[in-house]
Every structure is written in structure tokens, then in C-alpha cells.
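Reader: I would like a close look at one part of this model, with its setting in the rest of the chain described carefully.

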Amino acid sequence: ATPKTKGQDRSNVLYRVTAATLKSEDMIKIPIILQVTKDWQTTIFDAVQKQKELENLAIKEREETKEYIRPIVLMQAQNDSEIVSTINTEEIKNYLIHNLNIPKEQVAIATGEERGIEGKNLNEENEPIRFIITKQALKEGWDCPYAYVFCSVANVSSSKDVEQLLGRVLRLPQVKKKENEELNKAYAFVLSENFYKAAHDLTDSLIQSGFDAGEASKLIEI
């Protein structure tokens with residue numbers, strides 16, 4: 001859950017496992033399909049369309065295997081500012097509900113100030129939430145195997161931050177490969193070219209985590 005940092009060792013590590021082992025045991029979604037867009041509305045629209053596509057596949061998967069999956073999109077907003085206009089959590093929520101006609105019960109904001117998913121079991125079949133909007137609150141210590149799509153309109157440029165954020169959508173539900181191949185992958189839609197570059201630079205970090213060079217190069221598809 002915590003990426004290894006080159007040249008440093010953590011004192012609170014209880015157990016180490018390589019990413020290559022997680023992949024071989026069907027514990028993570030591989031690869032991550034990364035798409036960069038030029039405006040924030042397109043970024044969000046594309047993420048919503050991918051969620052709908054995956055949900056249709058999830059219905060088909062259940063018919064074939066009886067397994068329930070509800071694909072969730074994690075959306076990273078920009079931080080609020082008193083100086084300049086930003087694409088904040090409320091802006092994204094309004095766009096989803098009023099422009100893309102997403103039912104409001106499917107949208108939750110999860111930040112330090114607003115805790116829209118607190119006390120909710122996102123794995124329950126009767127839970128309607130499919131879109132979770134955050135800033136940085138889900139970067140660490142949060143996990144949901146139904147999270148399939150990461151969508152960011154924030155200006156993220158650190159390879160470490162990119163690795164942690166993408167890690168939120170990597171867990172494979174039920175630790176079992178799916179019949180529909182698209183449900184074995186994760187998806188990322190980002191606005192920032194800096195995010196794109198940082199994601200592209202993850203290869204060295206992935207090799208340190210346990211992937212060989214060939215595996216690392218295949219983790220992210222552009």
C-alpha cells in the first residue's frame with residue numbers, strides 16, 4: 001500500500017510484497033489505461049462514459065459468473081482558492097448532476113470538510129455511489145476494489161503522488177481475474193500534462209517495487 005522510496009527504509013513496515021507478486025496472484029488491475037485531455041469538461045465526460053461502459057460489462061460479468069461489481073470513479077478536484085477560480089469539488093459535482101445527468105445519490109464528496117462516504121460500505125449492492133470527488137483526502141489510507149477509474153483535473157506532477165493516486169484504483173475485486181478483460185484493467189483520465197509526464201516516469205519506481213523492466217513498461221498504456 002505504501003510505495004518504496006529509493007534510498008529510504010520505513011520503520012513501520014510489517015510485511016513486504018513485490019508488485020510482481022500481486023500481479024501474479026490476480027490482486028491488481030493491469031494495465032492502467034491513461035488518457036490526457038485538453039479541457040476539464042472533456043476529462044470528466046470521458047471518465048463518466050468509461051464508468052457506464054464498465055458498468056454494462058459488470059452486468060454481463062454477473063450474468064456469467066454471479067459476481068457483483070459496481071465500477072466507481074475517483075475524481076480529484078483542484079484546491080479551493082480565494083484568489084483565482086478553480087475547478088473545485090462543488091464545480092465537478094454540479095457538472096456531473098446538471099450537465100451529465102448523473103443522479104445526485106450517485107455522487108459523494110469526500111474531503112476533510114465534507115465526508116460524504118463516511119460510514120458507508122461501498123461494497124454493498126444497494127449502495128448507489130459511483131462517483132467520489134476529493135482533493136487529497138483519498139491519497140493514502142483509503143481502499144475500495146470497485147474503484148476502476150481515476151479522473152484528475154488537478155495539477156499533479158510528483159511521481160510519488162501519481163503512484164499513490166493511481167494506486168487507489170489498482171485492487172482487483174475478489175482477488176480474481178474477470179471473464180471480461182476490460183474489468184481486469186484500471187483507467188485514468190487526466191487534464192494535466194505534468195501528470196502525464198509523471199506517470200510516464202513511473203518505470204524506475206515500479207522496477208524498485210518488484211516489476212522487471214518489461215512488466216513495468218506495460219503497466220501504463222498511453
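Is Cys144 buried or exposed, and what is its relative accessible area?

Author: In this predicted model, Cys144 is buried, with a relative accessible area of 2%. The cut-off for calling a residue buried is a relative accessible area under 20%, and Cys151, at 1%, is buried as well. Neither cysteine is part of a disulfide, since the structure holds 0 disulfides, a disulfide being a covalent bond between the sulfur atoms of two cysteines. As for the chain as a whole, 49% of its 222 residues count as buried.

The setting of these cysteines is best described by starting from the sheet. Strand β5 covers residues 147-152, and this strand belongs to an open sheet of 7 strands, paired in parallel, whose order is β3-β4-β2-β5-β6-β1-β7. At the edges of that sheet stand β3 (107-109) and β7 (220-221), each of which has a single partner strand, so that one side of each is left without a neighbour in the sheet. In the order of the strands, β5 is placed between β2 and β6. Strand β6 (residues 186-190) is in turn joined by 5 bridges to strand β1 (residues 32-36), the two running parallel, and within this pair Ile32 stands opposite Ala186 of β6.

A helix also crosses this region: α2, made up of residues 40-65, lies across β1, β2 (72-76), β4 (131-134), β5 and β6, and it runs at about 170 degrees to β5.

Elsewhere in the chain, helix α4 (residues 159-167) packs against helix α5 (residues 193-200) at an angle of about 85 degrees, their axes being 9 Å apart, and the two helices are therefore roughly perpendicular to each other. Ser159, Val162, Leu165 and Leu166 make this contact from the side of α4, while Phe195, Ala198 and Ala199 make it from the side of α5. Sorted by class, the residues of the contact are 6 nonpolar and 1 polar, with no charged residues.

To place these pieces in the fold, the chain has 7 helices and 7 strands, which follow one another along the sequence in the pattern α-β-α-β-α-β-β-β-α-β-α-α-α-β. If one takes the contacts between residues at least 6 apart in sequence, 75% of them join residues that are at least 24 apart.

Conventions: Residues are numbered from 1 along each chain as its sequence is written. This is a predicted model: local features need pLDDT of at least 70, side-chain atom pairs count only at pLDDT 80 or more; totals for chains, interfaces and linings use all residues. Side-chain values use heavy atoms; hydrogens and water are left out. Axes are lines fitted to C-alpha atoms, for helices over the stretch in contact, and angles run from 0 to 180 degrees between N-to-C directions. Helices (H or I, at least four residues) and strands (E, at least two) are DSSP runs, numbered from the N terminus. Angles under 35 degrees count as roughly parallel, over 145 as roughly antiparallel, 65 to 115 as roughly perpendicular and the rest as oblique. Contact means heavy atoms within 4.5 Å. Ala, Val, Leu, Ile, Met, Phe, Trp, Tyr, Cys and Pro count as nonpolar, Asp, Glu, Lys and Arg as charged, and the others, Gly among them, as polar. Two strands pair if DSSP finds at least two bridges between them. A disulfide is a pair of cysteine sulfur atoms within 2.5 Å. Buried means under 20% relative accessible area, exposed over 50%, partly exposed in between (1.4 Å probe, protein chains only).
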